[in-house]
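Please look over the sequence and the model below, and then follow this report from the surface of the protein to its interior and its strands.

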Amino acid sequence: MPNNKKLILGLMAFVIVFGTPAGPARAAAGQPAAVSQVPITIEAEELTFSEETGDILAKGQVVITNEGQRVEAEQINGNTKRNEIWIHDQAHFSQPDAVLSGSRTVYNYKLKTGSMEAIKGKIGHEFVAGEKISLQPDQYVVSQGSATHCPAEVPDYHVSADKIEIWPGDQMVAYNAKFWIGNKVIFSLPKYRQSLKQGEDSMAFPRIGYDNDDGLSIKQHIEYPFDNKLSAYANLDYYSQADFKPSAGFIQREKNFSLDLTYGHFRDSDSNWIKKEPEFKFSYYPNQLGSWPVHYTFTAIYGKWTDDDKSSWHQDYSLYFSHEPIKLSSSSNLYLGAGLQHVRESYDHSTTTNFKYDATIDRQWSERFSTWAGYHYNQNNPKLFDYDADKINRELAAGFTYKIDRMNTISIKQSYDMDGDRLADVDYIWYRNLHCWEAKVTYRAKRDQIKLDVSTIKW
């Protein structure tokens, strides 16, 4: 057979015709057996194929592509009737949510399942390694492996486990998990769950912080799954001035909503403390409103809130609508949102309903420099608790972010109270990349307050 051959075949193909010798040899598939209309393309320096048995042997810089998947190796055996390939030596496997290298690879293109041994690579944002991996249509299972966000050859921190199940963009569950910083195990758990959803902050490793009000702090989140939906969790937070402030609870995560029962101490970004004894929260995840370019969220909270002065059974119902980003130009977007909040308190029998709407424009001037400006209206009915309460009726907010280099980024944010005709806040922020950790230093000029937060890299 001539070199640089290319074979295109449909899954479950029974008739295969090779192409012309003028270019890369090409074979058109017969009609697929209702499995997939997307062809599998095989490129190799040497290629042999048996119509009778369906056996394929490809040698020399072999590349197989199919539906966003890519397999590379020096030699690949396969069988079109079984829709399967197998590779004894080193191979590289990639698809949109994973890039893996390993040996003894077996993969079935019909079932989208397979396995590799002695693997190393990346699944979603997790760098993984292990003795073996099982490939499933929407799940990966690593045996005797490890996972970390740290890309270093010897990671600063990682989780090792007998088995690690990963659903990219959703969650990771580790069995008999050990948590390492450097070469030291800091703790272990029989079973551990970590959310991989963007924006959810549930890293297994400690966070270190400081601010003027509560002093030095160290925070640890632990989550134990009972199944793929129900978990128990604990936040073990210690402050040098505020002392030990733990919280714990149970959370049930369904496809469209979550149910959270929690008890313990909570602190907002303005250092307001509250104790929930307990609190029940229903959260409906962002969902599209029909065919409109609008998404909505709904939360309902019922619980006993206590601070230094009072205790109240607190009810809070919030509904918020967000329009999809409106593109004003290739580098600028407009964000619009509106909603309402209804709060009831047993302490003073108060009932408040607040309307709010928001409009923000951002612009990316370059890879390093971006700006934003927004107007926020919040009908500021008096609230019983300061915790998580917006205190400005009409706010103008603006700021910028500038990336100095790959290690340093600075940002300035300003908040202007239009009713009070005053500058409410000016925050100067420095983000510092610390290899596999990151630090955020904030100076809140109007409050003469310094904050420091050091944590593992977030995604």
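In this predicted model, a nonpolar patch lies on the surface, formed by Tyr210, Leu216, Tyr428, Tyr443, Ile450 and Leu452, which together have about 530 Å² of accessible area. One of these residues, Tyr443, belongs to strand 33, which covers residues 437-444. Because its relative accessibility is 32%, Tyr443 counts as partly exposed, a class that lies between buried, under 20%, and exposed, over 50%. For the protein as a whole, the exposed area comes to about 24,100 Å², of which carbon and sulfur atoms supply 54%.

Turning to the interior, 41% of the 459 residues of the protein count as buried. In soluble globular proteins, nonpolar side chains tend to be buried together. The largest nonpolar core here has 47 residues, and the members that touch the most other members are Ile64, Leu100, Ile133 and Phe179. Strand 14, which spans residues 157-167, gives the most to this core, namely 5 residues. Another core lies apart from it and has 6 residues, including Phe266, Ile274, Trp305 and Leu384.

Which residues is Leu100 in contact with, once its neighbours within four places in sequence are left aside? They are Ala91, His92, Phe93, Met116, Lys120, Gly121, Lys122, Ile123, Val128, Ile133, Leu135 and Tyr140. Ile133 therefore appears in this list as well as in the core, where a nonpolar core is a set of buried residues joined through side-chain atoms within 4.5 Å.

The secondary structure of the protein comes to 34 strands and 0 helices, and the table sets out two of the strand pairings.

| Strands paired | Sense | Bridges |
|---|---|---|
| Strand 11 (residues 113-123) and strand 12 (residues 126-135) | antiparallel | 9 bridges |
| Strand 12 and strand 13 (residues 140-148) | antiparallel | 8 bridges |

Ile133 of strand 12 can be followed across both pairings, since Met116 stands opposite Ile133, while in strand 13 the bridge partner of Ile133 is Val142. The hairpin of strand 11 and strand 12 has 2 residues between the strands, and in this hairpin Gly124 takes a positive phi near 60°. The hairpin that joins strand 12 to strand 13, by contrast, runs through 4 residues.

One last value concerns contacts along the chain: among those between residues at least 6 apart in sequence, 35% join residues that are at least 24 apart.

Notes
Residues are numbered from 1 along each chain as its sequence is written. This is a predicted model: local features need pLDDT of at least 70, side-chain atom pairs count only at pLDDT 80 or more; totals for chains, interfaces and linings use all residues. Side-chain values use heavy atoms; hydrogens and water are left out. Patches are made of residues with over 30% relative accessible area and no salt bridge: like charges are joined within 9 Å, nonpolar side chains (Val, Leu, Ile, Met, Phe, Trp, Tyr) within 5 Å. Accessible areas come from the Shrake-Rupley method with a 1.4 Å probe; for residues, only the protein chains shown count as cover. A salt bridge is a side-chain nitrogen of Lys or Arg within 4 Å of a carboxyl oxygen of Asp or Glu. Buried means under 20% relative accessible area, exposed over 50%, partly exposed in between (1.4 Å probe, protein chains only). Contact means heavy atoms within 4.5 Å. Two strands pair if DSSP finds at least two bridges between them.
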